[in-house]
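Trainee: Could you take me through this structure slowly, so that I learn how each descriptive word is justified?

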Amino acid sequence: MHQLFAELMGTALMIVFGVGVHADTVLNDTKYHGSGHLFAITTWAFGISIVLFIFPTICLNPAMAFAQFLLGNMTFIRFIEVSVFELAGGVIGAVIVYIMYADQFKHSYDKIDPVVIRNIFSTGPGVRDLPRNFFVEFFDTFIFLTGIMVIVTIKTPGIMPIGIGLLVWAIGMGLGGPTGFAMNQARDLGPRIAFAILPLKNKAAADWQYGLIVPGIAPFFGAVASVLFAKFYLGL
């Protein structure tokens, strides 16, 4: 239970940083309104590093948990438990952000496109093309999980959180434009659930079709490819 609650708290904190920075850059009457995607992606990267300094043994990501199951490091039941706690953490983190930015949400109703407000919580494509969007999320996750598997083999203290943060930053800058680089069901579906239940005015549809197909399923395929590459090419 200690490990499962670490997954919940770590995922919630990751979402507080990530969804929080999107609220900060998108909503009216924030200190950093309009700061842009470099600001947001850097916050995601640094935030994940901080989470991993605090909780260094967690997956933070059902796709990574699935990879650990495929590698034999986790039972299937444990994978399900970890994923549920991570999704719950994603919901909790998004609700915390909503509470923190409640005044800014009120000042943005009828002034900011409802889809843009939805995208504070969850990812969305620049161009909606589900097969291509699926491939992008698959490939991003493949790079992400493979990079993590290599980074964690380096035993120098502090390298793992910093290295994974830099990996997130690089993927976000180079590969994140088409879909918003979820690579993680808890990152997308947790806040998407929160968006669906929160009392937001003039709310856009949660777009479950996209959410379940692209950030929901594609990362699992990325996990399979990453495990195969790491095991049979890298010899990890």
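Mentor: Gladly, and bear in mind that this is a predicted model. We begin with α4 and α9, which are oblique to each other.

Trainee: Why are α4 and α9 called oblique to each other?

Mentor: The axes of helix α4 (residues 76-100) and helix α9 (residues 185-197) cross at roughly 55° and come within 7 Å. Angles under 35 degrees count as roughly parallel, and those from 65 to 115 as roughly perpendicular; the crossing at roughly 55° fits neither description, and the pair is therefore oblique. The crossing of α4 and α9 is also right-handed.

Trainee: Which residues of α4 meet α9?

Mentor: Glu-86, Leu-87, Gly-90, Val-91, Ala-94 and Val-95 in α4 do so, and their partners in α9 include Leu-189, Pro-191 and Ile-193. The residues of this contact of α4 with α9 comprise 9 nonpolar, 3 polar and 1 charged.

Trainee: What makes α1 roughly perpendicular to α9?

Mentor: The axes of helix α1 (residues 2-26) and α9 cross at roughly 70°, coming within 11 Å. Because angles from 65 to 115 degrees count as roughly perpendicular, α1 is described in that way relative to α9. On the α1 side the contact is made by Thr-11, Met-14, Ile-15, Val-19 and His-22, and on the α9 side by Ala-186, Arg-187 and Pro-191.

Trainee: Which residues have the most contacts inside the largest nonpolar core?

Mentor: They are Phe-105, Phe-121, Phe-144, Leu-145, Ile-164 and Leu-200, in a core of 60 residues, to which α1 gives the most, with 8 residues.

Note on methods: Residues are numbered from 1 along each chain as its sequence is written. This is a predicted model: local features need pLDDT of at least 70, side-chain atom pairs count only at pLDDT 80 or more; totals for chains, interfaces and linings use all residues. Side-chain values use heavy atoms; hydrogens and water are left out. Axes are lines fitted to C-alpha atoms, for helices over the stretch in contact, and angles run from 0 to 180 degrees between N-to-C directions. Helices (H or I, at least four residues) and strands (E, at least two) are DSSP runs, numbered from the N terminus. Angles under 35 degrees count as roughly parallel, over 145 as roughly antiparallel, 65 to 115 as roughly perpendicular and the rest as oblique. A crossing is left-handed if the near helix is turned anticlockwise from the far one by less than a right angle, and right-handed if clockwise. Contact means heavy atoms within 4.5 Å. Ala, Val, Leu, Ile, Met, Phe, Trp, Tyr, Cys and Pro count as nonpolar, Asp, Glu, Lys and Arg as charged, and the others, Gly among them, as polar. A nonpolar core is a set of buried Ala, Val, Leu, Ile, Met, Phe, Trp, Tyr and Cys residues joined through side-chain atoms within 4.5 Å. Buried means under 20% relative accessible area, exposed over 50%, partly exposed in between (1.4 Å probe, protein chains only).
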